[in-house]
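Trainee: Before we begin, may I ask for guidance on reading surface patches, cysteines and polar contacts?

Mentor: Certainly; let us take them in turn.

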Amino acid sequence: MEHTLWSHLPLLVRSNSKDSVEYILQALWRTRKTGLDPADRDIIRDMLQLQNESDLDPLFVCLRMLIRRCVYDNIGRDEIQKLFPSEVLPELQRLLTLLLQKFQREWRQDVLKDQGALPRLKTMTWDMANPDAEFADRVAVINLKLLNDSQSRSKESEVKFELG
């Protein structure tokens, strides 16, 4: 990330607590597809005691980039800390690393749900059969049982086809 983006991270120090920073990260994740609504922006601006709302966007860009790296690249604690250049305060590095680790698994599960899972093969059977026609060649009848785990409970489906 560019040096100029990192320079906005110290704004987080203005928040009153770790919970405030946690709220900001959760809000950014929750609104990753839609963007923050004005009410959330006002809440965060007040948390950070900012006069200008325009100071928020560069901070949000930086935090969203960090979140994306942690979630989509599935990086560990040591690698998260390596993302920060030396000019980012060590306390802020530790706090963000801790919070990003805290939510990483949950956020990765959200991503998997968003993507939808392909069904997986449960069983496969096959048999040779003669079609109805008297002089036709034999065909292989293949039966697949698929399990779809993307719903809240697994759903089984069956696919049957013939190969000549």
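Trainee: Which residues form a nonpolar patch on the surface?

Mentor: This is a predicted model, in which local features need pLDDT of at least 70, side-chain atom pairs count only at pLDDT 80 or more, and totals for chains, interfaces and linings use all residues. Residues are numbered from 1 along each chain as its sequence is written, and side-chain values use heavy atoms, leaving out hydrogens and water. A nonpolar patch joins side chains of Val, Leu, Ile, Met, Phe, Trp or Tyr within 5 Å, from residues with over 30% relative accessible area and no salt bridge (a Lys or Arg side-chain nitrogen within 4 Å of an Asp or Glu carboxyl oxygen). Here L121, M124, W126 and M128 form the patch, together offering about 450 Å² of accessible area (Shrake-Rupley method, 1.4 Å probe, only the protein chains shown counting as cover).

Trainee: How many disulfides does the structure hold?

Mentor: A disulfide is a pair of cysteine sulfur atoms within 2.5 Å. The structure holds zero. For C62, the nearest cysteine sulfur is that of C70, 11 Å away.

Trainee: Is C62 buried or exposed?

Mentor: Buried means under 20% relative accessible area, exposed over 50%, and partly exposed in between (1.4 Å probe, protein chains only). C62 is buried because its relative accessibility is 0%.

Trainee: With which side chain does the side chain of D40 make a polar contact?

Mentor: A polar contact pairs N or O atoms within 3.5 Å; within protein, one must be able to donate a hydrogen and the other to accept it, and residues adjacent in sequence count only if both atoms are side-chain atoms. The D40 side chain makes such a contact with the side chain of R30, at 2.7 Å. D40 is itself buried, at 8% relative accessible area.

Definitions and conventions:
Patches are made of residues with over 30% relative accessible area and no salt bridge: like charges are joined within 9 Å, nonpolar side chains (Val, Leu, Ile, Met, Phe, Trp, Tyr) within 5 Å.
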